[in-house]
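Student: Hi! Could we walk through this structure together, strands and empty spaces included?
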Amino acid sequence: MRVFSERLVERFNFLSNQTVSSIGMITSVPNAFLAPASERVDDKARLLRELLSRAPHLDDVYAGYPDGGFFQVVNLRGEDWRRVLSAPDDAVFAVRIVNVEATGAVETVMFQDKSGNTTRTAPRPAEYDPRTRPWYRAAANISAPVSIGPYSMATTHKLGMTIAQSHSGNRHVVIGADIILDTITDFLASERITPDTVAFIVDTSGNPVIHSSRNFMQRLMSGKDPGKDDAIVAKIRADDSWTKEPRFIEAEGRLFLVLVAPLRSELLLSLHRIVVAAPLDELTTQASASLMQALWISLLIVIAAIL
């Protein structure tokens, strides 16, 4: 089980480091993003599409400008963006551009299919100003990357986290990328070692911020404290022991083996911990099944040798 928890930590660290390096690649050299949001559109879009294709955990990547301009490429694999932007069925990416004109900010959206064909929406008044968003305020005019969140995304209202960094050529141009919490929830759920294993990430106060249960996350996103109603989370928090040593807790009439491991990410959810709780009865059943499988394999090898 310790190997399992370490695998979760390493996978999360990889996700964090890949995002930081992707943003750093854009901000470290002179490129199209030093031009205003409405200029060198093809060059910007090509680079961000490539980045999203290589990092499927990212929801979108974008640039905010000191005049209020904005350039964003969105991966349309999720229904939330498709609904908000009224995307065509064959669209795989959306490009949003906010251009500040004399009469005010104007937003244009372009949709691109797998073949690169583009359809453009009619310009409309823009309500989005990147300069008001926490990621822009945190990263503008400093050189180091920053991590923001979890917080509510401005357009889809999904809970997510942002890694952002100002451009080395203009510290008031900020590049950002969003990771929606659903992505991490799905990862935690898919990596369970037994059917009823739960995994969640807690902040420095022991409050869950991401959980492998979709129902738990829905309650969390509604502004409630779902930990109070979750027997496993409540028991672990009441124990108030965050050491790496394995321990047992009793919850929901079952005995759980619990392991806590610190996330070693230097940026994304820094100083947070991942908690894994697996039912002992499922662990022993799994161990027995593995033992029986090994015995059968040994028996078949002996029979084959005799024959």
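Tutor: Happy to. Let me start with a definition: two strands pair if DSSP finds at least two bridges between them. Helices (H or I, at least four residues) and strands (E, at least two) are DSSP runs, numbered from the N terminus. Also, this is a predicted model, where local features need pLDDT of at least 70, side-chain atom pairs count only at pLDDT 80 or more, and totals for chains, interfaces and linings use all residues. Residues are numbered from 1 along each chain as its sequence is written, and side-chain values use heavy atoms, with hydrogens and water left out.

Student: Thanks! How many bridges pair β1 and β2, and in which sense?
Tutor: Five bridges, in the antiparallel sense. Along that pairing, D60 stands opposite V74, and Y62 is opposite Q72.

Student: What about the hairpin of β1 and β2, how many residues are between the strands?
Tutor: There are five residues between them, and G68 takes a positive phi near 95 degrees in this hairpin.

Student: Which strand does β1 join through five bridges besides that?
Tutor: That is β9 (residues 170–180), and the two run antiparallel. A63 has I175 as its bridge partner in β9.

Student: And β2, how many bridges pair it with β3?
Tutor: Six, again in the antiparallel sense, with β3 covering residues 91–101. N75 in β2 is opposite F93 in β3.

Student: Are the residues of β1 buried or exposed?
Tutor: Five of the five are buried (under 20% relative accessible area, with exposed over 50% and partly exposed in between, using a 1.4 Å probe and protein chains only). So β1 is largely enclosed by the rest of the structure. D60, Y62 and G64 lie on one side, V61 and A63 on the other, and both faces are covered.

Student: Why is β2 called largely enclosed?
Tutor: Because six of the six residues of β2 are buried. F70, Q72 and V74 point one way, while F71, V73 and N75 point the other way.

Student: Let's switch to empty space. How many cavities of 30 Å³ or more are there?
Tutor: One. Here a 1 Å grid is laid over the protein atoms alone: a cavity is a set of points where a 1.4 Å probe fits but cannot get out, and a pocket is an open set with protein on both sides within 12 Å along at least five of seven lines. Lining residues have an atom within 4 Å of a point. Grid points are joined across faces, edges and corners, and a volume is the space filled by probe spheres set on the points.

Student: So what's the volume of the largest cavity, and which residues are closest to its centre?
Tutor: About 140 Å³ of space lies in the largest cavity. Of the 16 residues lining it, D60, Y128, M153, A154 and D178 are the closest to its centre. The elements giving two or more residues to this lining are β1 (60–64) and β2 (70–75).

Student: What classes of residue does that lining have?
Tutor: Eight nonpolar, three polar and five charged. Ala, Val, Leu, Ile, Met, Phe, Trp, Tyr, Cys and Pro count as nonpolar, Asp, Glu, Lys and Arg as charged, and the others, Gly among them, as polar.

Student: And the largest pocket, what volume and lining?
Tutor: The volume is about 190 Å³. D59, N75, R77 and W81 are among the lining residues. The elements that give two or more residues to that lining are α3 (79–85) and α5 (181–190). By class, the lining has two nonpolar, four polar and five charged residues.

Student: How much space lies in the second largest pocket?
Tutor: About 160 Å³. Its lining includes R96, E107, Y128 and A154.

Student: Last topic: what is the strand order in the open sheet of five strands?
Tutor: β11-β10-β14-β13-β12, with antiparallel pairing. β11 (208–211) and β12 (247–251) stand at the edges with a single partner strand each, so one side of each is left without a neighbour in the sheet.

Student: And where do five bridges come in for β12?
Tutor: They pair β12 with β13 (residues 254–262) in the antiparallel sense. There, R247 stands opposite V258.
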